Amino acid sequence: MILRELSEATGVSGNEREVRAVVLDAIQKHADEVRVDTMGNVLALKHGADDSDSPTAGHRHIRVMLSAHMDEVGLMVVGYDNDGFLKVRAVGGIDPRLLPGTLLQVGPDHIPGVIGTKPIHLLKEKEGQKVPQIENLVVDIGAKGKDEAQRLAPLGTYAHFVTQFRELGPTVSGKAFDDRAGCAVLVELLRGARFHFDLHAAFTVQEEVGLRGARVAAYAIEPDCAFALEGTIADDIPKDKDISPTTELGKGPAITVMDRSFVADRRLVRLLTDTAEELDIPYQIKQPGIGGTDAGAIHLAREGVPSVTVAVPCRYIHSPVALLSVDDFNNTVRLMRESLSRLTPHTLTRRQ
Amino acid sequence: MEVIPLLKQLSQIDGISGYEEPIRQLLRQTWKPFVDEMHEDGLGSLIALKYGTQPTGPPESTETSRPRLMLAAHMDEIGLMVTGIEKGFLRIGRVGGTDRRALLGLEVVVHGQRDLPGIVATRPPHVLPKEERKKVVPWDKLFVDVGLPPEEVGRLITVGNLISIRREMVELKNRCVAGKALDNRACVSAITLALERLAGMHHASDVFAVATAQEETGLKGAITSAYGVEPDLAVALDVTFGKHPGIAEVEAFPLGDGPTIGIGPNFHPQLVTRLKEVADAHEIPYQMDPIPGRSGTDAWAIQVAREGVPTALLSIPLRYMHQPVETLAAQDVERAGRLLAAFIAGLEAGFLEKLAWDREEGGSERTHDT
Amino acid sequence: MKDLIRKLVETHSPSGTEENIRAVIRAEVESVADELRVDPLGSLVVHKRGSGDGQRIVLDAHMDEIGVMVTHVDEKGFARFTSIGGVNPLTCVGARVAFADRTVGVIGIEEKRENNSKIPKLEQLYIDVGATSGDDCPVHVGDPAVFTRPFVAQGTRLIAKAMDDRIGCAVLIETLVRLTDTPHDVFLVFSVQEETTLSGARTSTYGIEPDMAIAVDVTRTGDRPECHPMAVELGKGPAVKVKDSRMISHPAVRDLLVRRAKEADIPYQLEVLERGTTDAAAMQLVRSGVPSGCLSIPCRYIHSPSEMVDERDVENSVRLLLEVLQSA
């Protein structure tokens, strides 16, 4: 499963080299042109099929962009203490509650490290209630002093989480499903048959630090419409109140109507939901108003790009071990393929 | 040019975000001898171009285009603005991140029909309830008093008039200087010194020196100037936090140990490496500044202009940022200027190719027929 | 102008679903426009050609309004919601909202909140459409709704929801209708999604590449009891924006508006807005920068369902824009 390789590859925002290599290797036989731009985005073009018998033949070529981001959240070394511990800061949004007890690898040589805190035995009364903030945590690589630490992990070195991908039956677990799940969906779409339009696939960098790669990719591609592919929050764990789970595992791909970064184009949402209902593909509407994705940057490119985000629901997306449903993943690929097959220039016309 | 008189001149002139005309005029004059062309963009950024020297001539005239290198330092400073007038006292608001903790008792200049001296005023502690004395004065309790009767104030001043800080730069020990607007006139000085050096050097790139407008209000001048210049690579300069009691060690740098080089997602790794190599070769001290995300500088905006720009950041450590006593070491400014000039002169014609990602794995362009 | 204003404010179009208001505006301008198009994100761009010696000018007003969107329908048929744009929870309690299919909902508040004396959060509110279960609820996750209140004209004061920024749209339409000749190439942009991301103004301006851009939007006033100090007052004339929280007007554009007002004896005020911004903040950053400014209509109770403007300020805004467009 390509998701295994993608999930286990490292690629913290700004340092996507390893995962980029996996992506390049996976798609090179399936794209007509591939290049890496100035920020490190992988831009791949799969020409449309030249099929004059198809019902969509003869239509003006539309430029369709699909994006998935290669980067994951991680840490960066910003200092040392005299005992050889590494001081770190988050790259992208990290929930500090998850840090104590984690396994990391530091730097291009993957030096093992751990984050631990003061043992419970030694805590004073209220101390155990407070969440240690990242400024007060350190990474232990076993260095003997500041000099060794500095030599092994110079300032600016990246540290990433370590999790083995596991198949649990109906589900799989691993790290960085946000957004290796989206990358895997995009790889699968590229591996399939050609569409009737030119498909511009962008495996973007630095989404987690501000939707950075997608912005320049969209400017370069100038698409007529865009679909961002993601791994998104599934908060279907038991709760006290009857409130939204954001998305639920097993209910199919999640379509974004609105989040903090953009409002989805209703015509593209309708294309997806009509296709799903026609073909009995399960789908859900992601809880509006939560999070942001590459579509937030893409829709602002040049004169504007109608956009939508489609995501695979993932539990614990904010932790080093996430969980998703294989059926949801496959249904996401299926929904995208079928919807894209029905996408024509007419989809983007307006009544008034 | 001597760095301390240059810093003094650039620090003391006005140039609040959105109203940079005085500093822009001064820079037009100062840079004129060192550049070939100058123009302004739609937001007021000043863009100066020094043609590359191999081969010579304006960019359009050469057969193979020279690399376009952009240098950026923001010329605007934070300040204040009149937001209302009540009984002859001026209500004020900030332009950019002016720190209200450092305003009380400050002498200012109100730019009305003519320039009027004023004082930042608030009620004395003796008459305030105890709890209020302990708090920082909120904006709506701060006023500027120009010492004139209300009718005259109404005649000379309106809502929207600018208020700048009146502060002469002073020299401290060890070539440290303190004044207002050293964020970012210090870096404008560094670029000026670099341009002066480059006048006598060969360089393969067309150098676009940009004094950006409105950085303090949202990196705006960087956004528009990078779009207009379309550089192949860029180096931004801004100030960073200088070491001081109460600031965590990882978040600040000692003065006098050289400029810092940014490392992190905002910066192209090959540019970072090259800057380090040049600094080492010329024995220019520097410090590494790890920035895990948003750098809060023009570099952040430039990196994502159009199809992306490989970007680097040089910073000068500065204490008391956004207070009228900003303090830095003059030698750090000199070093930044020297490093820039050496970096630019050392860029060989084929340097851009080295910026392709993952070159070790076989280059950036891969095309296949399927 | 009152009928035009009423028609505009009573149309329901929250950010992201602007079809309704676009159709209404289109009908008003079709006969006087030289060209009309809808750009990729849905903004309506109306072109009035000039005699050719002037500048390329954008006048902009946003056609979207704030609203709410359903995030979850619970087992009993109550709907939880999030805001579309800046919605103040204080204006929600007891309010009525209307969905696209005309379903009306009442906003209720959780009584068992942790701290009753604090301003409620949106998560502590819900919409009641009168359903009895999740299954028979006519609204679904992702459905948008707007606040509903009827338009009222009382003396010179006009009160309605969505004055922000349908009043700006009204000003632009009226300006276009009254405009006879102009040396300038004028583009009136009725933008989408200002309340969420300013995306419409930004992308439309990219397509037009103007020499100058002026947004027409509402601004706060400082004339209400115990409000934060602010120099603008209702009825004292349109406000020429100097600065707001995200944008500084280009001095030349600001001075142009002031000059034309003085020359034509139109009352005006100068505005510095501490919190809040407009499409102009996005337009000024397009490409290599566009000198931009804003003409503001003083408005009380912004982002509440009962926004109040003064019709004299509205009329004077139209007059001022005509002065700007008709002179070189």
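# Notes on the three-chain model

1. C:Leu198 sits in the loop between strand 12 (185-191) and helix 4 (199-208) of chain C. Keep in mind that this is a predicted model. The residue has a positive phi of about 60°, although it is not a glycine. Is C:Leu198 buried or exposed? With 24 other C-beta atoms within 10 Å, C:Leu198 counts as buried, because the cut-off for that label is 20 or more.

2. B:Glu283 is another non-glycine with a positive phi, here about 55°. Its place is the loop between helix 7 (269-281) and strand 15 of chain B. The surroundings of B:Glu283 are sparse enough for the exposed label, since 7 C-beta neighbours lie inside 10 Å and the limit is 12 or fewer. So one of these two loop residues is buried, while the other is exposed.

3. Two cis peptide bonds are worth a look while you have the backbone up. In chain A, the bond from A:Asp178 to A:Asp179 is cis, with omega near 10°, and A:Asp179 belongs to helix 4 of chain A. In chain B, the bond from B:Asp183 to B:Asn184 is cis, with omega near 15°. B:Asn184 is part of helix 5 (residues 182-198) of chain B.

4. Next, helix 8 (residues 326-341) of chain A. How far apart should its ends be? Its 16 residues, at 1.5 Å a residue, should span 22 Å, and the end C-alpha atoms are 23 Å apart, which agrees. The buried residues of this helix are A:Asp328, A:Phe329, A:Asn331, A:Thr332, A:Val333, A:Leu335, A:Met336, A:Ser339 and A:Leu340. Spacings of three or four make sense when you read such a list, because an α-helix has 3.6 residues a turn and residues that far apart point the same way.

5. What do those buried residues of helix 8 of chain A pack against? The partners are a mix of helices and strands of chain A: helix 4 (177-191) and helix 6 (266-279), plus strand 3 (63-69), strand 13 (225-233), strand 16 (307-315) and strand 17 (322-325).

6. The pairing of helix 4 with helix 8 in chain A can be described in more detail. Their axes are 10 Å apart and the packing angle is about 50°, so the two helices are oblique to each other. The crossing is right-handed. Helix 4 of chain A brings A:Ala181, A:Val185, A:Glu188 and A:Leu189 to the contact, and helix 8 of chain A answers with A:Phe329, A:Thr332, A:Val333, A:Met336 and A:Arg337. A:Phe329, A:Thr332, A:Val333 and A:Met336 also appear among the buried residues of helix 8 of chain A.

7. Chain C has a helix pair too. Helix 2 (residues 19-29) and helix 3 (residues 163-178) of chain C have axes that come within 10 Å and cross at roughly 20°, which makes the two roughly parallel. This crossing is right-handed. C:Ile25, C:Glu28 and C:Val29 of helix 2 meet C:Cys169, C:Ile173 and C:Leu176 of helix 3.

8. Strand 17 (residues 292-298) of chain C is mostly covered, with seven of its seven residues buried. In a regular strand the side chains alternate between the two faces of the sheet. Here both faces are covered: C:Ser292, C:Cys294, C:Ser296 and C:Pro298 are buried on one side, and C:Gly293, C:Leu295 and C:Ile297 on the other. Strand 17 of chain C pairs in the parallel sense with strand 13 (residues 212-219) over seven bridges, C:Ala213 being partnered with C:Ser292. With strand 14 (residues 239-244) of chain C, it runs antiparallel and shares two bridges; there, C:Ala239 is the partner of C:Ser296.

9. Chain C also holds an open sheet of three strands in the order 10-11-18, with antiparallel pairing. Why does one side of strand 10 (152-154) and of strand 18 (307-310) lack a neighbour in the sheet? Both stand at the edges, each with a single partner strand, so that side is left free of one. The twist averages 20° from one strand to the next. Strand 11 (residues 157-160) is joined to strand 18 of chain C by four bridges, one pair being C:Ala160 and C:Glu307.

10. Finally, the contact between chains A and B. It takes 28 residues from chain B and 35 from chain A. On the chain B side, strand 15 (287-290) and strand 18 (365-367) are the elements that give two or more residues, and strand 18 of chain B gives the most, with three.

Key
Residues are numbered from 1 along each chain as its sequence is written. Chains are lettered from A and ligands numbered from 1 in the order in which they are written. This is a predicted model: local features need pLDDT of at least 70, side-chain atom pairs count only at pLDDT 80 or more; totals for chains, interfaces and linings use all residues. Two strands pair if DSSP finds at least two bridges between them. Axes are lines fitted to C-alpha atoms, for helices over the stretch in contact, and angles run from 0 to 180 degrees between N-to-C directions. The expected span of a helix is 1.5 Å times one less than its number of residues. Two residues are in contact if their C-beta atoms, placed from the backbone, lie within 7 Å. Angles under 35 degrees count as roughly parallel, over 145 as roughly antiparallel, 65 to 115 as roughly perpendicular and the rest as oblique. A crossing is left-handed if the near helix is turned anticlockwise from the far one by less than a right angle, and right-handed if clockwise.
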